[in-house]
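Colleague: Could you take me through the main sheet of this model and the core packed around it?

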Amino acid sequence: MKTFLRKKIIIPVVATAFLFFGVSFNQDFFEVAKQIEIFTTLFKAVNANYVDETNPGDLMDKAIKSMLADLDPYTNYFNEQDVVKFKINNTGEYTGIGAMITRKEGKLIIKEPYKNFPADKAGLKAGDEIIQIGDVSLSDFKDDASQLLKGAKNTKIDIKYIRQSKTLNTQIVLDEVEIKAVPFFGKVDEKTGYIVLTQFNKKASLETKEALEQLKKDGAQRIILDLRGNPGGLLNEAVNICNLFVAKNEIIVTTKSKIEKHNNTYKTSREPIDTEIPLVILVDGKSASASEIVSGALQDLDRAVIVGSRSFGKGLVQRPVDLTYGTQIKITISRYYTPSGRCIQALDYSHKDKDGKAIRTASENYNAFKTKRGRAVYDGGGILPDVVLEETKTSTISDALVKNDGIFNFVTDYYYKNPNLGATIPVITDANFNDFKAYLKKQNFNFDTDTEIALRNTLAAAKKEKIEAAISTEYQQLLTALQKSEENQLNQNQKEIKNLILDEIIKRYQYKEGLYQYYLKNNSEIKKAVSILNDTPQYNKILKL
């Protein structure tokens, strides 16, 4: 059975199967049976006697969701549709439109069409809002609309969408879509190869191996492996990727649990590709799970220099368990430990604060461990790079702009105002930045900070209690102060935000491939990696070679 390490939000459906599964881990059979009986009688009583009609499925969904949410974010339930999606994400193959889509506030938005796939061929662009799929209007469709965009190969689906306030029509012809784990690789210079690994699906190690071999054939004498933003995936693929660079029978990761059968040691099992080629791995705060196994193991084995910012810190292992009616539950079964013995889990879900949030391990409580050559490394909060770069850390204001589509929507407008930019890389000037700030103000953009949310809730409560006029002056003063604070944060993080805007602009005109090509020559983290690889004494000093 494969072990999975990926965070995914899913809809729970059935309770009793999980509880019975838990029996094998719990000797108190009477207490479990008692609680199941109480729940069953309560569930029947509510459905039989409640004054209004109830939906048993919805009630059960909420019951299961609440129960599992109290454990950790990774123990989740897969309904039948979720199981299909999960398999797609981990095989890298499906039949569909070939685009990243999102549904927010009832709108189905194209976030990123993939080059030469069905959505792209049909002329759909990032920012397009799909309002009708076939005969189904999405205005009243509350279910998962992405299911309407799936079907057999060559299926034709009529689409109605809005672009820049105009309603347009197109037809998508479904085709096989391959989600590549390695969407890009190339050479930074004559000697330096660069590989982007974005996920750990079942093709991850094969695609990484093929990229590595091709780069070596093309003359690469050192490698940069980019794991930035990689959320994880299959554990065995992480082990296999490490195996490309380290010898057979090397311990990569161990898992430890209170259940003996979940205690495992994972070793490399194949002959490596190259155990000597200099290697730099790029990570950031969104590199998680399997990404941390690779970066943590190769750091512990003194096989690679890690560059960037501290990784996410997910050291929990999940395993899927098949249940009835084609459903699954994904359960946290153990913690994983790198070769030096450190667990890099950052949040302690067994201990929560007064607001119910998991407590983060304090830095003063980190424990020191030793790499193979005696270098000090630490547990408690993700993989700390050997070379920390401040520019890889994201600010709170930038995270809010990305999360709430401030940059995405601004660039959508920019794209249609500048239709002929093509392969030209623009310079994001101060004037452009001022246009961006003006756009946010015009759109009444919500940063959704805790303060902003609290202030909106205060106004809503005042309206409800009909005291809005009485607090209007104070409210306006607070709002003005908050807006000024947010503008100050925008100005303080101007360089970071300009880079994010430029990244999004490049993707609009040149797809993701164009962005990676731009990174080869212009990304500061890649430049730092190259400088380390160019300086053999520094590289050797970091790894104590």
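**Sheet, helices and core**

Modeller: This is a predicted model, in which local features need pLDDT of at least 70 and side-chain atom pairs count only at pLDDT 80 or more, while totals for chains, interfaces and linings use all residues. Residues are numbered from 1 along each chain as its sequence is written, and side-chain values use heavy atoms, with hydrogens and water left out.

Colleague: Which are the edge strands of the open sheet of six strands?

Modeller: Strands here are DSSP runs (E, at least two residues; helices are H or I, at least four), numbered from the N terminus, and two strands pair if DSSP finds at least two bridges between them. The order is β11-β12-β13-β17-β18-β25, with mixed pairing. The strands that pair on one side only are β11 (184-187) and β25 (387-388).

Colleague: Which residue in β13 stands opposite tyrosine 194?

Modeller: Strand β12 (residues 192-196) and strand β13 (residues 222-226) pair in the parallel sense over five bridges. Opposite tyrosine 194 in that β13 strand stands isoleucine 224.

Colleague: Which helix gives the most to the largest nonpolar core?

Modeller: A nonpolar core is a set of buried Ala, Val, Leu, Ile, Met, Phe, Trp, Tyr and Cys residues joined through side-chain atoms within 4.5 Å, where buried means under 20% relative accessible area (1.4 Å probe, protein chains only). The largest has 96 residues, and those with the most contacts inside it are Tyr194, Ile281 and Val294. With 11 residues, the element that gives the most to this core is α14.

Conventions: Buried means under 20% relative accessible area, exposed over 50%, partly exposed in between (1.4 Å probe, protein chains only).
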